[in-house]
Amino acid sequence: MSDSGESVEDFRHRARGWIAANLGPVQPWDLDQDCADDAAELVAVARDRALQRKLYDGGFAGICFPREYGGLGLSPDHQRAFNEELAGHEFPSRFMVPTFTPCAAILLEFGTPEQKARHIPPILKGDAFWVQMLSEPGGGSDVAGATTAAVRDGDDWILNGSKVWTSRAYWADWGLCLARTDWNVPKHQGLTVFMLPLRQPGIEIRRIERLNGESEACQEFFTDVRIPDSDRVGAVNGGWTVGSRWMFHERMAANSPYVTRPTGLSGGGTRGSPLVAMAATAGRLDDPIARELIGEARALDIVTHSLNRRLAAAAASGTANVDGSAIGRLFHGMAAVRRTTIAFDLAGSDAAAWSEADEAENGAPGMDFLLRQVACIGGGTTEIARNVVSERILGMPREPSGDHGVAFRDVPRGPSR
Ligand SMILES: Cc1cc2nc3c(=O)[nH]c(=O)nc-3n(C[C@H](O)[C@H](O)[C@H](O)COP(=O)(O)OP(=O)(O)OC[C@H]3O[C@@H](n4cnc5c(N)ncnc54)[C@H](O)[C@@H]3O)c2cc1C
């Protein structure tokens, strides 16, 4: 039973009826794949905005968000029930990561009441997409080594520097940005988080083309961008406290109680094409090796879903070691690479994609195979997740660090910084 008095089962029953009446079947772009070109991507963005608005108007947006900010104030169990009922249906996939988590999750945890009242309702209504600006040209793994700098100027801050690999910044609305505000203390102690609208003087956004021709990744250049102090998130120089939770919420991704996403949706390169159909097309249905691969992929799906469920339940109960989210992040990367490799193997020579036409027709597993490593990089690399698991969960010795206790100004840096 929740504060509202509605039991999970009553809520599930109500959600089932509403979903059946209002939402169509799951679409290819719900797998959070980027579209072939900007025109198609912007159509998908508009569709996701409308879908999020539909959830809001239907009374199903922000299930775990506080009621005072437009949410339903219900429990993670209610969210899980909704996600289970959503299986097989369309949903606003582009909103979920990074807008709902980590960005909205961070606003809820560290924002002032005024910041939450201003920003959470537009997110729940589908009016505001957020991005996360952590990675820099000098490196993304060492998040605390940020050199994008904000300097205090009266009631404002002046931001200069550059962030990179920001997914979808070219059409998004707002961003969370980690910046250096004190160079005279060790690196973790001189950081502050700000929020800023992406379209304003002083911000130049450039696109980065990837191997498959799409360019959703962006680099932002900040030149004297003025940020009011009222848009600071958390304490001055308290950015690492915010940043640690930020990375936790990022690793939680689909397991976050703030995320509406159909249970059982698998990404990782198969693009929804059932592997059995792929084996049939390749004439390999009776091939014992193909059958074993299909079984392995199925086992990965089952393990992924039960691990996700366990992590989500542990996070919701508040009993979990927060670093446990790194286990989910690590397994997601490993499983995605393996699933992609299995699809590539099953498709055989059909997976060879020499042109866009090939890819559209039957070469998707080939392109997914070429891009498979993305699953081990985006959202923090699997190597860093291994470090977190070994050092903070298993208690193994920390790796040596040359910058411990040293003022960031005095830490040697490479030329790219
Ligand atoms: C699809 C995608 C979407 C992304 N979206 C965003 C986004 O929206 N916002 C954002 O800020 N960033 C985003 N990123 C960037 C991503 O977070 C970084 O690429 C990632 O953190 C790694 O940083 P890097 O590429 O600078 O590699 P580096 O940090 O330079 O690392 C290079 C290699 O060294 C390894 N390595 C580094 N340090 C260690 C260590 N201490 N121990 C062991 N191995 C180590 C890394 O694992 C990696 O293999 C995205 C990346 C991808 C692929």
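Begin by selecting domain 1 and domain 2, whose C-alpha centres lie 27 Å apart; the bounds of these domains come from an automatic or database domain assignment. The model is a predicted one, in which local features need pLDDT of at least 70 and side-chain atom pairs count only at pLDDT 80 or more, while totals for chains, interfaces and linings use all residues. Residues are numbered from 1 along each chain as its sequence is written, and side-chain values use heavy atoms, with hydrogens and water left out.

To colour the protein by domain, give one colour to residues 8–94 together with 114–128 for domain 1, another to 132–243 for domain 2, and a third to 266–393 for domain 3.

**The interface of domains 1 and 2**

Select next the residues where these two domains meet: 15 residues of domain 1 are in contact with 13 residues of domain 2, contact being heavy atoms within 4.5 Å. About 1,100 Å² is buried between them, with carbon and sulfur atoms giving 44% of that area; buried area here is the accessible area (1.4 Å probe) that two parts lose on being put together, summed over both.

Which side chains form a salt bridge here? Show E41 and R168, whose side chains meet at 3.8 Å, N to O. The rule finds 4 salt bridges across this interface, where a salt bridge is a side-chain nitrogen of Lys or Arg within 4 Å of a carboxyl oxygen of Asp or Glu. Side chains of opposite charge can pair when their charged atoms come close.

On the domain 1 side of this interface, α2 (38–57) and α5 (113–124) each supply at least two residues, and α2 gives the most, with 5 residues. Helices (H or I, at least four residues) and strands (E, at least two) are DSSP runs, numbered from the N terminus. Sorted by class, that side of domain 1 has 4 nonpolar, 3 polar and 8 charged residues, with Ala, Val, Leu, Ile, Met, Phe, Trp, Tyr, Cys and Pro counted as nonpolar, Asp, Glu, Lys and Arg as charged, and the others, Gly among them, as polar.

**Two annotated spans**

Select residues 35–127, where UniProt, in an unreviewed entry, places the feature "domain: Acyl-CoA dehydrogenase/oxidase N-terminal"; this span is 65% helix and 0% strand, and its end C-alpha atoms lie 21 Å apart. Then select residues 133–215, where UniProt, again in an unreviewed entry, places "domain: Acyl-CoA oxidase/dehydrogenase middle"; over these residues the chain is 0% helix and 46% strand, with the end C-alpha atoms 17 Å apart. UniProt positions are given in the numbering used here, feature names are shortened, and annotations may be inferred rather than shown by experiment.

**Local details**

Move to helix α4 (residues 93–110), which holds P98, and look at the peptide bond from V97 to P98, which is cis with omega near 10°. P102 is also found in helix α4, and the peptide bond leading to P102 from T101 is cis, with omega near 10°.

In helix α3 (residues 76–85), R80 and D77 are separated by about one helical turn because they are 3 residues apart, and their side chains meet in a salt bridge at 3.2 Å, N to O.

Finish at N237, in the loop between β8 (232–233) and α6 (239–252), where the residue has a positive phi of about 65° although it is not a glycine.
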